[in-house]
Amino acid sequence: MHPRVGRTRDNTHGRIRLVQRCVITLLLLAGPDVNAHGQTIDIPLRVHLVAGHTFSKQSRALPLWLTERDVREVVVPAVNRIWAPAGIRFVAQSVGPARLRSPANTRELIAAIVASHRDHAGRSDPDRIDKLDALIDYSAAPRDGIDAYIVPYLGEKSQGRAIRKQRRVFVTAWTDKYAADGAPPVRFRLTEPRPFRHGSLARTLAHELGHVLRLRHPDKTKQKTFSRLMGARKPGYGLTDHEIARATTSARKLQTRALAAGSRH
């Protein structure tokens, strides 16, 4: 081989490696808000504060203590930091009181929600959401984006629930998930410093939003990665490459739907 040809090939490979390093550096500098396609996917999020009904457990009143400022300045930014590796951002279109219903059996419905608990397999009582549905008026909810309802309490050891087809999630403001058996609920902290210990309202909201984006709980029997947002053994805040790919596909569809809905108004 002619020595000049060898040097030319070496120089070409060197330039390729330099370009690759530059691309990686730019991606790192761009931060986790950029997904594999180099774009942030914005998803409309409407947060409804279910504050008009009285919840209590063990003689402790459970008022909805969060404010609009808490949601806008603390909770939603924390959710977006969790979802930043996927380049997905939830944009709080509105934060305010939920539209409520007050049927004749309101007290009985609330008492049943408060008394709900997990079964022997650890599954939450699904009927509590049906009872919540009887207390919340969804008639004015738009068809685009996601609606998040923050309720005073969701039952024993329960912190959240997602209804994917309705693009609707529920998160509790009071929790007893990590309390001793029989201990009353305490305020669910808005955020927590990492690593995961007991979670937070923001993490639970991020987790339930993951379900709306078609993510599932990992299979504990086959789990090989841990510290994951979607739970299972040793939960945390991480998203796998597969979860990011699946979530971004769903997020793009939601974004397209939201843009289409906006163009009609």
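1. A charge is taken to sit over a ring if NZ of Lys or CZ of Arg is within 6 Å of the ring centre and within 35 degrees of the ring normal. In this predicted model, Arg203 meets that description with respect to Tyr237, lying over the face of the ring at 5.8 Å from its centre. A further case involves a lysine: the charged end of Lys234 is placed over the ring of Phe226, at 5.3 Å from the ring centre.

2. Turning to the aromatic side chains, a pair of rings is described by the distance of the centres and the angle of the planes. The count of aromatic pairs comes to four. One of them joins Trp83 and Phe90, whose ring centres are 6.2 Å apart and whose planes meet at 75°, so this pair is classed as edge-to-face. Trp83 and Phe90 are both buried.

3. Tyr138 and Tyr149 form an edge-to-face pair as well, because their ring centres are 5.4 Å apart with the planes at 85°. Since Tyr138 belongs to the loop between helix H4 (127-135) and strand E5 (146-151), while Tyr149 belongs to strand E5 itself, the pair ties together parts that are 11 residues apart in sequence. Tyr138 is buried, with a relative accessible area of 14%, and Tyr149 is buried too, at 3%. Ring pairs also bring in Phe170, so that Tyr138, Tyr149 and Phe170 are linked into a cluster.

4. Strand E6 (residues 160-163) deserves a separate comment. In a regular strand the side chains alternate between the two faces of the sheet. Along E6, Gly160 and Ala162 point to one face and are buried, whereas Arg161 and Ile163 point to the other face and are not buried. Strand E6 runs antiparallel to strand E7 (residues 168-172), to which four bridges join it, and Val171 in E7 is the bridge partner of Gly160. The hairpin formed by E6 and E7 has four residues between the strands, and Arg167 in this hairpin takes a positive phi near 50°.

5. Which side chain of opposite charge is nearest to the buried Glu208? Glu208, found in helix H5 (residues 201-212), has no salt bridge although it is buried, and the nearest such side chain is that of Arg161, 7.0 Å away. A salt bridge requires a side-chain nitrogen of Lys or Arg within 4 Å of a carboxyl oxygen of Asp or Glu. Leaving aside neighbours within four places in sequence, Glu208 is in contact with Gly160, Arg161 and Ala162, and also with Val169 and Phe170.

Definitions and conventions. Residues numbered from 1 in each chain as written. Predicted model: local features only at pLDDT ≥ 70, side-chain atom pairs only at ≥ 80, totals over all residues. Heavy atoms only, no water. Phe/Tyr/Trp six-rings, centres within 6.5 Å; stacked < 30°, edge-to-face > 60°. Buried < 20%, exposed > 50% of the residue type's maximum accessible area, 1.4 Å probe, protein only. Helix = DSSP H or I, 4+ residues; strand = E, 2+ residues; numbered from the N terminus. Pairing = 2+ DSSP bridges. Lys, Arg positive; Asp, Glu negative; His and termini not counted. Contact = heavy atoms within 4.5 Å.
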